[in-house]
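This report describes a single protein chain, moving from its overall make-up to selected local features. Please consult the sequence and structure shown here alongside the text.

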Amino acid sequence: MAWSPTEPYNQLPLLPPSVDVETRAVLKAAVEARAALAALDQASQRMPNPTVLINTIPLLEAQASSEIENIVTTTDQLFRYAQEEDEASDPATKETLRYRTALFAGWRAIQSRPLTVTTAVQVCTTIKQRQMDVRKLPGTLIANPATREAIYTPPTGEHTIRDKLSNWVEFVHAPLGLDPLVVMAIAHYQFEAIHPFEDGNGRTGRVMNMLLLVEAEILKLPILFLSRYIIENRDAYYALLLAVTAEQKWEEWVLFMLEGLRQTAQSTLRKIDAVTALQGDAAEAVRAITPGGANADLLSVLFEQPYVRIKNVVERCRVSRPTATNWLNALVDAGVLQDQRVGRDRLFINTRFLWVLTRDEGVAARESEPTLF
């Protein structure tokens, strides 16, 4: 039966695609993307404290991935409550922080066993904060938001959906000789086309992208900020997904995703370079205020999150509260931090670090950096 946007797509073809997906153009793009990802992975391994990346990049990914689903929160809110998730009062912030939690849960899961349908269920359950499972009801018809015209109706029937998910997992692990990046692009289309859950499919699918890259040993850490590329190219993203469904235009879709991987890897690498430079500047200020020279623990606290509380320094550096307060006040006086009172608490903000994270710009042009955030 031919595909129709108003009918459940139970005839969604199984993987692998019946056409050649590794065309000459795709192979060339895959080589370029792999090189960018390798440079990113190597740079992350060179960092003295990779927690800087693990704590921050997934939050930016969570924000962008949630924004695609019209769940909008600010970077300020996210980082402010990153360590105190229960204190966040904004529902959008809480839901976005759950995306990060789901990514970490999936990352831990694949360290002990291969990615499975159960992994996707666990990720979606964490995102939605309620038990999720494969749909038993028909999928929601997907319509053009402007015209309300039907675009796509996912498969229906639990048995059909489970069969297609089993095929999806088999494809991901099959020894077909395909480049892992091409596998990821194809698997992402298929997961979104199956649309296996009542809600949370988009965010779950984007977490799966990251997990596939880690499982394939392309990246050791889940630090790719791919959702921002999708936001910036949202119209093309949805148009190319639909073109695969309607016309089996795999090459254009795979090229789009490979370009996203390349651009995102390069962007994240620039962040690492800029953060490394900032850490060098901050280390001088830390040496000036801590006894015995540089205090690696204090420097780590300043860059594991852009928002620092006095209790973070007390716990990490094993010092008294007055000592921690004096250190942080000295860093404010030195221009390294900005302090802000929130209720009874004081927050110390590493404004240059926050600026680098959110704007993806280097720190060489000092005149364009903020003095206050």
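What percentage of the 373 residues in the chain is made up of buried residues? In this predicted model, buried residues account for 54% of the chain.

## Overall architecture

The secondary structure of the chain consists of 15 helices and five strands. Among contacts between residues at least 6 apart in sequence, 67% link residues that are at least 24 apart.

## The cis peptide bond before Pro16

The peptide bond that runs from Leu15 to Pro16 is cis, and its omega is near 5°. Pro16 belongs to the segment that precedes helix α1 (24–46).

Leu15 also provides a reference point for a residue distant in sequence. Val169 is separated from Leu15 by 154 residues in sequence, while the C-alpha to C-alpha distance between them is 9.7 Å.

## Val169 in helix α6

Val169 is part of helix α6, which spans residues 158–173. Is this residue buried or exposed? The relative accessibility of Val169 is 15%, so Val169 counts as buried, the cut-off for this class being under 20%.

When residues up to four places away in sequence are set aside, Val169 touches Leu115, Thr116 and Val117.

## Asn201 in helix α8

Helix α8 comprises residues 201–215, and Asn201 is found in it. Asn201 has a relative accessible area of 3% and is therefore buried. Which backbone atom lies 2.7 Å from a polar atom of the Asn201 side chain? That atom is the backbone oxygen of Phe197.

Further contacts of Asn201 appear once neighbours within four places in sequence are left aside: the residues concerned are Phe191, Glu192, His195 and Pro196.

## Packing of α12 against α13

Helix α12 covers residues 296–304 and helix α13 covers residues 310–317. The two helices pack at an angle of about 140°, and their axes are 9 Å apart. Why are these helices described as oblique to each other? An angle over 145 degrees would count as roughly antiparallel, and the range from 65 to 115 as roughly perpendicular; the angle between α12 and α13 is about 140°, and the pair is therefore oblique. The crossing of α12 and α13 is right-handed.

On the α12 side, the residues that take part are Asp297, Leu298, Ser300, Val301 and Glu304, and they meet Asn312, Val313, Arg316 and Cys317 of α13. Sorted by class, this contact has four nonpolar, two polar and three charged residues.

## Positive phi angles in loops

Two residues other than glycine with a positive phi are described here, beginning with Glu217 and followed by Arg318. For Glu217, phi is near 65°. Glu217 is located in the loop that connects α8 and α9 (226–232). Its relative accessibility is 70%, so Glu217 counts as exposed, given that this class requires over 50%.

For Arg318, phi is near 55°. The loop between α13 and α14 (321–333) contains Arg318. With a relative accessibility of 66%, Arg318 likewise counts as exposed.

How values were computed:
Residues numbered from 1 in each chain as written. Predicted model: local features only at pLDDT ≥ 70, side-chain atom pairs only at ≥ 80, totals over all residues. Heavy atoms only, no water. Helix = DSSP H or I, 4+ residues; strand = E, 2+ residues; numbered from the N terminus. Buried < 20%, exposed > 50% of the residue type's maximum accessible area, 1.4 Å probe, protein only. Polar contact = N/O pair within 3.5 Å; in protein donor to acceptor, adjacent residues only side chain to side chain. Contact = heavy atoms within 4.5 Å. Axes fitted to C-alpha atoms, helices over the stretch in contact; angles between N-to-C directions. Parallel < 35°, antiparallel > 145°, perpendicular 65-115°, else oblique. Left-handed = near helix turned anticlockwise from the far one by under 90°. Nonpolar A, V, L, I, M, F, W, Y, C, P; charged D, E, K, R; others polar.
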